[in-house]
Amino acid sequence: MESHDGSDVSNNLEEDHKMRNLYRPATKKPFIAIAVSILVCLIACTPAFDQVEKVTFIAIADPHFCMISKNVHMKIYERSSQIMEETIAEVNKMEDIDFVVLLGDLFRDLEVWNLDGMRELLDDLSIPYYVIFGNHDVPPVRNKAVYGEDIIMGYAACKADFVMTFQGHGFNGHKYWWSANPAHWVHLVGMDTTKIGTWGGHVSRHQLKWLQNILSAQADKEVTIILAHHNLTTHGPDDEYPEWRKFRADNAGEVRKILESHSNVKLVITGHHHIADIRTVNDIHYVTCPSILTYPCRYTKFTVTPRMAKIETIPVKNEEIIAEALAGIRMKDADKPPSTVGQSDEKRAQAQIDLALDIGGLLEDSSETLNFR
Ligand SMILES: [Fe+2]
Ligand SMILES: [Fe+2]
């Protein structure tokens, strides 16, 4: 990782925890008077409570939900429905989550039945959720000769259907990108990085103009968090391999330039790569989240305050699924480019597992803290 300092943040978290403890009521009568006196004194001496304000949210990346499909190598489609159902149930049990973000690639290929099926599942969430496009959430431009007989053609929805289905979940009107304020000091920006006909990404000129305008208009917000499916910086050692450059939006540099000109932009959260990684470029933290469908089958918890973010990855509940995903990643994946030219299948599989498991320590100890500039 290029720069971050966890020690100060840990102290901040400890302080935050201490502050919350001050609000617990005293339960033993002999100590009530003393406790109340100390409490009043401490409250008067501590910073305003809004300084420890925080939002906590779950990021679900690349669920690739589909009701009818066989597994295809690392993508264990047959389990996608179960994974989503169980993850939604787990999130509903968590008491401290404010909202959920879905980082794109909600579907195998935007099949109409999956669009309706996913909406039904997500409506079981007991908290608000926000959605952005991934490259599998647009109508596929494919042919049978390349993709085989199991692709059911002609039943894909279009981007406008996706926007209508998830209206009110970030989308507000006909635009493919959006901005929202889940808390008065948090500005969430949902981008569309998709480009029809390729799994690579691009941010349109029209959207870049909108981004510049919306960030300028929201300059007083303390924390701006950008959500995008395609990465906006390099995250893996193979990202310069020609085909793998498609993990990054092809005009990522142009987008970064706009983000860097607004000091309130602190975090960029992406999916698409199906790995866990954090990079810090010019004081903005870029976090790419692991997929819940492919190994290591994890979702990501963000706790954000005006000064820092704490990031943890959480495995899906079912260990059998994780084992199945690990076996899937080891299968020969003939239609994917090798991570390094000339590697054996085994080495290539191991390289993918290493990528999925750890770059920058995010999954090594399951949590990471980042200071904001
Ligand atoms: Fe994906
Ligand atoms: Fe993707």
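# Strands, a helix and a few odd backbone spots

Student: Which residue of β2 does Ala-59 stand opposite?
Tutor: Keep in mind that we're looking at a predicted model. Strand β1 covers residues 55-60 and strand β2 covers residues 99-102, and the two pair in the parallel sense over four bridges. In that pairing, the residue of β2 opposite Ala-59 is Val-101.

Student: Which helix makes a β-α-β unit with β1 and β2?
Tutor: The two strands run parallel. The unit they form with the helix is right-handed. The helix spans residues 80-93, and it's α3.

Student: And on the other side of the story, which residue of β3 stands opposite Leu-102?
Tutor: β2 also runs parallel to strand β3 (residues 129-131), with three bridges joining them. Helix α4 (residues 112-122) goes with β2 and β3 in another right-handed β-α-β unit. Opposite Leu-102 you'll find Val-131.

Student: Is Arg-108 buried or exposed?
Tutor: Arg-108 sits in the loop between β2 and α4. Leaving aside neighbours within four places in sequence, its contacts include His-64, Cys-66, Tyr-77 and His-136. The cut-off for burial is 20 or more other C-beta atoms within 10 Å. Arg-108 has 24 of them, so the verdict is buried.

Student: How far apart are the C-alpha atoms of Arg-108 and Asn-135?
Tutor: Along the chain these two are 27 residues apart. In space, their C-alpha atoms are separated by 9.7 Å.

Student: What is phi of His-64, one of the contacts of Arg-108?
Tutor: His-64 lies in the loop between β1 and α3, and it counts as buried because 27 C-beta neighbours fall inside 10 Å. Most residues other than glycine have a negative phi. His-64 has a positive one, near 45°.

Student: Which strands are at the edges of the six-stranded open sheet?
Tutor: The order is β4-β5-β6-β7-β9-β8, with mixed pairing, and the twist averages 20° from one strand to the next. An edge strand here pairs on one side only, and that fits β4 (178-183) and β8 (277-281).

Student: Which residue in β9 stands opposite Arg-279?
Tutor: β8 and β9 (residues 284-288) pair in the antiparallel sense over five bridges. The loop between them holds Asp-283, which has a positive phi near 75°. Asp-283 is partly exposed, with 13 other C-beta atoms within 10 Å. As for Arg-279, its opposite number is Tyr-286.

Student: Where is Pro-296, and which residue does its cis peptide bond join it to?
Tutor: Pro-296 lies in the loop between β9 and β10 (298-304). Most peptide bonds are trans. This one is cis, with omega at about 15°, and the residue joined to Pro-296 is Tyr-295.

Student: What span should α9 have, and how far apart are its end C-alpha atoms?
Tutor: Helix α9 has twelve residues, 319-330. At 1.5 Å a residue, they should span 16 Å. That agrees with the distance between the end C-alpha atoms, 17 Å.

Student: Within what arc do the buried residues of α9 fall?
Tutor: The buried ones are Ile-321, Ala-325, Gly-328 and Ile-329. An α-helix has 3.6 residues a turn, so residues three or four places apart point the same way. The face turned away from the buried side carries the exposed residues Glu-319, Glu-320 and Ala-323. Seen down the axis, the buried residues of α9 line one face of the helix, because they fall within an arc of 95°.

Technical notes: Residues numbered from 1 in each chain as written. Chains lettered and ligands numbered in written order. Predicted model: local features only at pLDDT ≥ 70, side-chain atom pairs only at ≥ 80, totals over all residues. Pairing = 2+ DSSP bridges. Axes fitted to C-alpha atoms, helices over the stretch in contact; angles between N-to-C directions. Expected span 1.5 Å × (residues − 1). Buried ≥ 20, exposed ≤ 12 C-beta atoms within 10 Å, placed from the backbone. Arc of directions from axis to C-beta. Right-handed = clockwise from strand over helix to strand, strands pointing away. Contact = placed C-beta atoms within 7 Å.
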